[in-house]
Amino acid sequence: MTAEPKVAKSPAMIEARGVEKWYPNGFHALRGVDLTVQRGEVVVIMGPSGSGKSTFIRTFNALEEFQKGSITVDGIALNDDLRKIDAIRREVGMVFQQFNLFPHLSVLDNLTLAPVLVRKRSKGEVLNQAMALLERVGIAEQAHKFPGQLSGGQQQRVAIARSLCMEPRILLFDEPTSSLDPEMVREVLEVMQGLAADGMTMVVVTHEVGFARQVADRVVLMADGQVVEEATPERFFDHPQHERSRQFLSQIL
Amino acid sequence: MGPKPRLTPASLRKELFATPLDGLVTVLLVTGLAAAGSRLLHWALAQADWAVIQANSTLFAVGRYPIEQQWRLWLLVALLAAAAGLSWGVLRSRPLPDRPITALWPGNDRLATGILVLLASWAPAALGLTLSIQSRWWALTGLLVLVRWLAGRYGSRLGKTATLALPLVWPLLYLVGMVLIGGGLGLVTVGANEWGGLLLTLVEASFAILLSAPLGVLLALGRRSSLPLLRWGSIVYIEFIRGAPLITLLFLGQNILGFLLPGGMAPDRIWRAAWILTFFSAAYLAEAVRSGLAAVPRGQLEAARSLGLSLPQALAQVVLPQALRIALPATVGQFISLLQDTTLLSLIGLLDLLGTARSVMANPLFLGKSSEVYLTLAVLFWCCCAALGLGSRALERRLNPPSLGR
């Protein structure tokens, strides 16, 4: 079922085993989810809304708790130890559907805040890196503006640069283009494509079929808190094995 | 914000006399206001006897503060004027994030300065102060305007650190002020029971404002904490305080603090009242801050935490700056009502502004002069509250991050 990973180095970047989550109201959001992400791999997670895909990737950096199973990120087991959670969060970047830029800080300050506070790096050094990253995502000229002055696509590119400024080993994307106007989706996907080409390990929750086909090493379909199918993009989109996958694809294609 | 519509005769006609009914309402309102205004003016200028204010102006200002020590208060007022001019000028010399500096003296500032100068040349004379005291007020006004000019002219040369440190002038000045007022560090002690009038009102209000602000933020954070003990402690405190009228708390404080604390530990009557005001105001502030915290999207905290910031770092750098800006109008509203609540101190026998006024009106010499006294009090309070409101609106505009819409 699993495709051959591009880089077969151990240990895996993310190793999730039998992850189960109940919300306080009793809703069983994750029902024993397994996923292995190798270094340098790009995994796209798809699925209908409410299938638990966002909840699942949010457990990787402990934004969501889980009750059963185990998750190991870059060799560190995720448990209740707060110091380990902080260590993992330093290595795991996350890009949100709503961008979540800090509106009271300039673009540049959005980028430099965490490296200076968390990694204790010197401000001057981080500034240089931040400018280089803004250059890379194509908005260096907006460095001194505030998030509210940028378009959605620009904001999301700043958010990606902000994550990169922490030099993470893995980037999680939680529906990064879902709240963008159609004409801005491409500029964000191009940046993500560039990252993938540079060998960044990425887990992407998205409905962008074109991106999944071109960039993903593997596509995972989740439904009702479970993994239904896991395959290379070609097999998944052209020869889906499961009835649930065919049903989902018929709705989005 | 779009351009302000200009007032022209044509636009006025359209605003006020659009329909016959509008015209009728306009005429009625204008006649009513004019009649009331002219009668008030007639009373104030022809009938009222302002001798009661002239004779007691020092009492209203500082109570029974010893005359030979009053130079300390003059010095404090001078420092305050300089600090106000400095903050005003430096603020004006900095561009807003989305707006360049237009002029050294924008229209509003010219108006404010004009009013200040008019007030300084008229009020001391109207109060019948001696020429030497009148000239002190002129000098103080001159100092304020001069510092405002210097800071506005050269403020942009200040470094970033200096600008960030500038607000610290105020708490520092508060400490200096407390020493100047109360004595110590080589100055003769002037006991709190000798303070009175506007001085006491401002000391109590500023003490409560300065201390209740951090306390209110902590209570608001406590109320949203995931630690049950902290959360329930904050909720019980806030709800208990908000459920009790301030006057009962003040009486409780005067009587119970004395029993609760071992002899000599209980603070002086005046400080007891200041602490009660602080605790009272903190509960209301906590609710204002809580509404600000609730208005900051959840994603902000998540983004900060996912970047590796600890919870205190995320609160201090990301959540609180946004929450406090949102809570600013409600916070200043609370400060304004706190200032007015200090009048309750007169009911527990303290000689604040209202207490002093009541003692003056009890004097047989000034029987039947209560209208003059109350009107003066109202104007004084209105000035203090208007200053707070103006300051808060200016601050709010500066703290608003620029966005596409503006």
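What follows walks through the overall layout, cores, aromatic pairs and a pocket of a predicted model.

Chain B is a helical affair, with 17 helices and zero strands. Taken along the principal axes, its C-alpha atoms fill a box of roughly 70 × 70 × 50 Å. Of its 406 residues, 37% count as buried. Sequence-distant contacts dominate the count here: among contacts in chain B with a separation of 6 or more, 75% involve residues 24 or more positions apart.

Turning to the packing, the largest nonpolar core holds 54 residues, and the members that touch the most others are I14(A), I45(A), F56(A), F60(A), L172(A), V203(A) and L309(B). Helix α15(B) puts in the largest share of this core, at six residues. A second core lies apart from it, made of 52 residues that include L101(A), L171(A), L221(A) and F248(A).

Two of the well-connected core residues, F56(A) and F60(A), also turn up among the buried residues of α1(A). This helix covers residues 53-60 of chain A, and seven of its eight residues are buried, so it is largely enclosed by the rest of the structure. The buried set is not just greasy side chains, as K53(A), T55(A), R58(A) and T59(A) belong to it along with F56(A), I57(A) and F60(A). Setting aside residues up to four places away in sequence, F60(A) touches I14(A), L35(A), I71(A), V73(A), L78(A), I88(A), L172(A) and V203(A). Just past the end of α1(A), the backbone at A62(A) adopts a positive phi of about 65°.

Elsewhere in chain A, V219(A) sits in strand β9, which runs over residues 218-223. With a relative accessibility of 0%, V219(A) falls under the 20% cut-off and so counts as buried. Beyond its neighbours within four places in sequence, V219(A) is in contact with V44(A), M46(A), A212(A), E229(A), E230(A), A231(A), P233(A), F236(A) and F237(A). As for Q193(A), 26 residues away from V219(A) in sequence, the C-alpha to C-alpha distance between the two is 15 Å.

Aromatic rings make ten pairs over all chains. One of them joins W74(B) and W137(B) in an edge-to-face arrangement, with 5.3 Å from centre to centre and 65° between the planes. W74(B) belongs to helix α5 (residues 71-93) and W137(B) to helix α7 (residues 131-154), both of chain B, so the pair ties together parts that are 63 residues apart in sequence. W137(B) is partly exposed, its relative accessible area being 34%. Ring pairs also build a cluster in chain B, linking W195(B), F207(B), W271(B), W275(B) and F279(B).

Finally, there is the second largest pocket, which offers about 1500 Å³ of space. Its lining runs to 33 residues, and S226(B), R298(B), L301(B), R305(B) and L311(B) are the closest to its centre. Both chains have a hand in the lining: at least two residues each come from α2 (82-91) of chain A and from α10 (197-223), α11 (228-243), α14 (298-306) and α15 (311-341) of chain B. By class, the lining of this pocket splits into 17 nonpolar, six polar and ten charged residues. Helix α15(B) thus appears twice in this account, as a contributor to the pocket lining and as the source of the largest share of the largest nonpolar core.

Technical notes. Residues are numbered from 1 along each chain as its sequence is written. Chains are lettered from A and ligands numbered from 1 in the order in which they are written. This is a predicted model: local features need pLDDT of at least 70, side-chain atom pairs count only at pLDDT 80 or more; totals for chains, interfaces and linings use all residues. Side-chain values use heavy atoms; hydrogens and water are left out. On a 1 Å grid over the protein atoms alone, a cavity is a set of points where a 1.4 Å probe fits but cannot get out, and a pocket is an open set with protein on both sides within 12 Å along at least five of seven lines; lining residues have an atom within 4 Å of a point. Grid points are joined across faces, edges and corners, and a volume is the space filled by probe spheres set on the points. Helices (H or I, at least four residues) and strands (E, at least two) are DSSP runs, numbered from the N terminus. Ala, Val, Leu, Ile, Met, Phe, Trp, Tyr, Cys and Pro count as nonpolar, Asp, Glu, Lys and Arg as charged, and the others, Gly among them, as polar. A nonpolar core is a set of buried Ala, Val, Leu, Ile, Met, Phe, Trp, Tyr and Cys residues joined through side-chain atoms within 4.5 Å. Buried means under 20% relative accessible area, exposed over 50%, partly exposed in between (1.4 Å probe, protein chains only). Contact means heavy atoms within 4.5 Å. Rings of Phe, Tyr and Trp (its six-membered ring) pair if their centres lie within 6.5 Å; planes under 30 degrees apart count as stacked, over 60 as edge-to-face and the rest as tilted.
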